[in-house]
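Here is a short, friendly tour of a protein model for a computational chemist. Please have the viewer open as you read.

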Amino acid sequence: MSSQPITARIADGVASIPTAEWDACAGSGNPFVSHAFLSILERSGSATARAGWRALPIIVNGCDGRAAAIAPAYVKAHSQGEYVFDHGWADAWEQAGGNYYPKLQVAVPFTPVPGPRLLLRDPAVAPSLIAAIEAVTDQNQLSSAHVTFVDEDQLHWFEAAGWLMRAGTQFHWRNHGYAGFEDFLAALSSRKRKAIRKERAAALEGLTVRHLAGAEITEAHWDAFWTFYQDTGSRKWGRPYLTREFFSMLGAEIADKVLLILAERDGVAIAGALNLIGEEALYGRYWGATEEVPFLHFELCYYQAIDAAIARGLARVEAGAQGEHKLARGYAPVTTWSAHYIPDPGFRRAVADFLRREREAVTREQEWLGEMMPFRRGG
């Protein structure tokens, strides 16, 4: 690294940072860490201080005075919308007389999608950015800092800094050069092929499926999807995280990254799945329906996503958090990672012991899940 001093600063929100400066660090591979996506979360009223997500990006300048590295950081007043669950840690720390909240979260709000969390124009600055995250935590007497769903190739920087590593499991579909969905089915066992064909036929009976992207998506489509999203959100979280404005802004500002899959009955949309398109992956994010149709969730979120990924030549489909039911649909278990900075020595020891035992359990579970994959043996 240069002998020139490196300056760290905190910005008042993503939207306050010039787009070009942010995206020079974030790159173009993962749409969720783009300036557009993160600033839409702010400007739409979805991720705000009032909602418990105060955006305070941490920036390390390079020798040229421009951002060389950025951490999309948030001061959190709760643990909602993170998908890496630390409620037990919070309870234990507060029972011991401490204040777990506020804490520092480096993440994409409401988005359990692995990706870079150290946004680096200059990779040599990564250790300085991690030191800046620690300094913000210490100087503001925050209980902890958490970097969630971080790309595996960035873990070594956190490990070198002595952070605690946490493993989790998601299910991703891999494109092994398939020419089409039938080519994918051919790789499965006969019993699984028949089951999937039966599911798809049942789900699609009497329905038409449309793939809409870019300018094809109108406000009427977003109105329909908002209804679907509200239904799912109210059942899962009590209230939806995202505002109606979020979807309109998404379609207006990054339409080229959006794929909306709708199921229609007699020309009226009854269900939908929202995906974002990356350079290598299709990311399934939200789904909902106003009519109960057997297997329609699997059809729109998993099978149609596979169709779309194959058509676009994408390497994989990431269909969101959790869901062992994805195994039978060809989605394999993969490890996701988070990194945790806990200044208090006693609290750190307790969490480290928990993570060691949890990681052993995750490893055993993934080995077991791997044996349940539907592919032909030796195929």
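The report below goes from overall build to the nonpolar cores.

## Basis

This is a predicted model, where local features need pLDDT of at least 70, side-chain atom pairs count only at pLDDT 80 or more, and totals for chains, interfaces and linings use all residues. Residues are numbered from 1 along each chain as its sequence is written, and side-chain values use heavy atoms, with hydrogens and water left out.

## Overall build

The protein has 11 helices and 15 strands, taken as DSSP runs numbered from the N terminus (helices H or I, at least four residues; strands E, at least two). Its radius of gyration is 21 Å, close to the 21 Å from the globule rule for 379 residues, so the protein is as compact as a globular protein of that length. That radius is taken over C-alpha atoms, and the rule is 2.2 Å times the number of residues to the power 0.38. The C-alpha trace spans about 65 × 45 × 40 Å along its principal axes.

## Burial and cores

Of the 379 residues, 56% count as buried, meaning under 20% relative accessible area with a 1.4 Å probe, protein chains only.

The largest nonpolar core (buried Ala, Val, Leu, Ile, Met, Phe, Trp, Tyr and Cys joined through side-chain atoms within 4.5 Å) holds 48 residues, and Phe-37, Phe-225, Phe-247, Leu-250 and Leu-274 touch the most other members. Helix 8 (residues 219-236) gives the most to this core, with 6 residues. Apart from this core lies another, of 39 residues, including Ile-196 and Tyr-331.

Technical notes: Buried means under 20% relative accessible area, exposed over 50%, partly exposed in between (1.4 Å probe, protein chains only).
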